[in-house]
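Here is a short tour for anyone who likes to check a model by eye before working with it. Please keep the viewer open while you read.

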Amino acid sequence: LFDGIYPFYPQQRKVFVFDVSTIIVIVVFLTFTCSFLLIIPGIRGRARIYWTLRVLLSLIVGVVIVVVQFTGDWETGWVKANTSYKSFSHALVNVDIGLHVGLAGVNVTLRGNPVNQVNETIDYNEHFAWSFNANYDQSYSEGLERGLPSPILYVAEKFTTQSPCSMHRQYRISSHYASATLWVAFCTWLISNILFSMPVLVYGGYMLLVTGAFMIFSLLSFSTVKNSLMCPIQFGTAILRTGYGGSFWLMLVIGLLCFVAGITVVALHYFNLDLLKTFFDLHEDKAEEYQEMIEVYVNPHFVNKGL
């Protein structure tokens, strides 16, 4: 160790699924959830159940939209291979090589079977970013200078701008459009919550449909990379094949959930408005207002004076 850190790794490695940004987002939404749970005992009757369902479902949609921006498992793949470990060395190692693609970059994982081989601990996870404020080629050059293992450099080289595979351009553009579409979905989710807090429930349902539509658009944007020819990532006879990861399928489920919720709200507005108002705790408020309007308080002094 050099001043408490590894000399060739002055910065901490990024985990391919969770990082600091993801943890911060989850903590913020958990704070909102805990705050609401403290308020629940003050809500009486069946309205407590309705409020709980509405708030928790809304928070789940919001946290998923934001968290998947920082996850690294939109597309994943693993392969087991016997390959060279370092340049200018004939030593072969038995390793698991993983590729994890996110909206902000790629993570390449290298894990030995067993972990200790050739007098080293083979357990790497390297992140190469392609976001607007990052330079992918520079990250790759820094990896070369640090002397990363050959399998990691081989996979990372496929995504450089100089690579004839053109995978960098395909994934980077698709990821940027998917990220931008998700931020629009987050804005429409906020608008839908504002509309649901007002007596315009049908418009809140429409905005939920718009939110689900933008989520699906982000998935379509990211999936366009599958329509182009991909360079094979091959280690001897083993080929690294990728498929859609957990974040992709989670976004699909939440998008369909928004569609179902939006259609349900719009359908209830036109076919059973009383049930919709009861679920959003508006029916009881209207009844109380009506009850207050028909109650008249008369001052006997002014009545007698008038008579």
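## A walk through the model

L57 lies in helix α2. Keep in mind from the start that this is a predicted model. L57 has a relative accessibility of 44%, so it counts as partly exposed, between the cut-offs of 20% and 50%. Together with I49, L53, I60 and L257, L57 forms a nonpolar patch on the surface, and the accessible area of these residues adds up to about 420 Å². Which helix gives the most to this patch? That is helix α2, residues 47–67, with four residues.

Next, the sheet. Five strands make an open sheet in the order β4-β3-β2-β1-β7, and the pairing is antiparallel. Its edges are β4 (120–129) and β7 (243–244), each of which pairs on one side only. Strand β3, residues 105–117, runs antiparallel to β4 and is joined to it by nine bridges. One residue pair to look up here is Q117 with its bridge partner E120 in β4. In general, strands of a sheet pair through backbone hydrogen bonds.

Strand β4 also takes part in a charged contact. The structure holds one salt bridge, and it is formed by R146 and E126, whose closest N and O atoms are 2.9 Å apart. The pair links distant parts of the chain: R146 sits in helix α3 (residues 136–146) and E126 in strand β4, with the two positions 20 residues apart in numbering. Is each partner buried or exposed, or something in between? R146 is partly exposed at 25%, whereas E126 is buried at 6%.

What about the cysteines? A search of the whole structure finds zero disulfides. C187 is partly exposed, while C258 is buried.

The relative accessibilities mentioned on this tour are gathered here:

| Residue | Relative accessible area | Class |
|---|---|---|
| C187 | 45% | partly exposed |
| C258 | 2% | buried |
| L57 | 44% | partly exposed |
| R146 | 25% | partly exposed |
| E126 | 6% | buried |

Finally, a look at the database record. The unreviewed UniProt entry lists "transmembrane region" for residues 20–39, 51–71, 91–110, 177–196, 202–225 and 246–271. How much helix and strand does the model show in residues 91–110? That span is 0% helix and 80% strand, with its end C-alpha atoms 16 Å apart. Residues 202–225, by contrast, are 92% helix and 0% strand, and their end C-alpha atoms lie 37 Å apart.

Conventions: Residues numbered from 1 in each chain as written. Predicted model: local features only at pLDDT ≥ 70, side-chain atom pairs only at ≥ 80, totals over all residues. Heavy atoms only, no water. UniProt positions renumbered as here; feature names shortened; annotations may be inferred. Pairing = 2+ DSSP bridges. Disulfide = S-S within 2.5 Å. Buried < 20%, exposed > 50% of the residue type's maximum accessible area, 1.4 Å probe, protein only. Patch = residues over 30% accessible without salt bridge, like charges linked within 9 Å, V, L, I, M, F, W, Y side chains within 5 Å. Areas by Shrake-Rupley, 256 points an atom, 1.4 Å probe, with all protein chains shown as cover. Salt bridge = Lys/Arg side-chain N within 4 Å of Asp/Glu carboxyl O.
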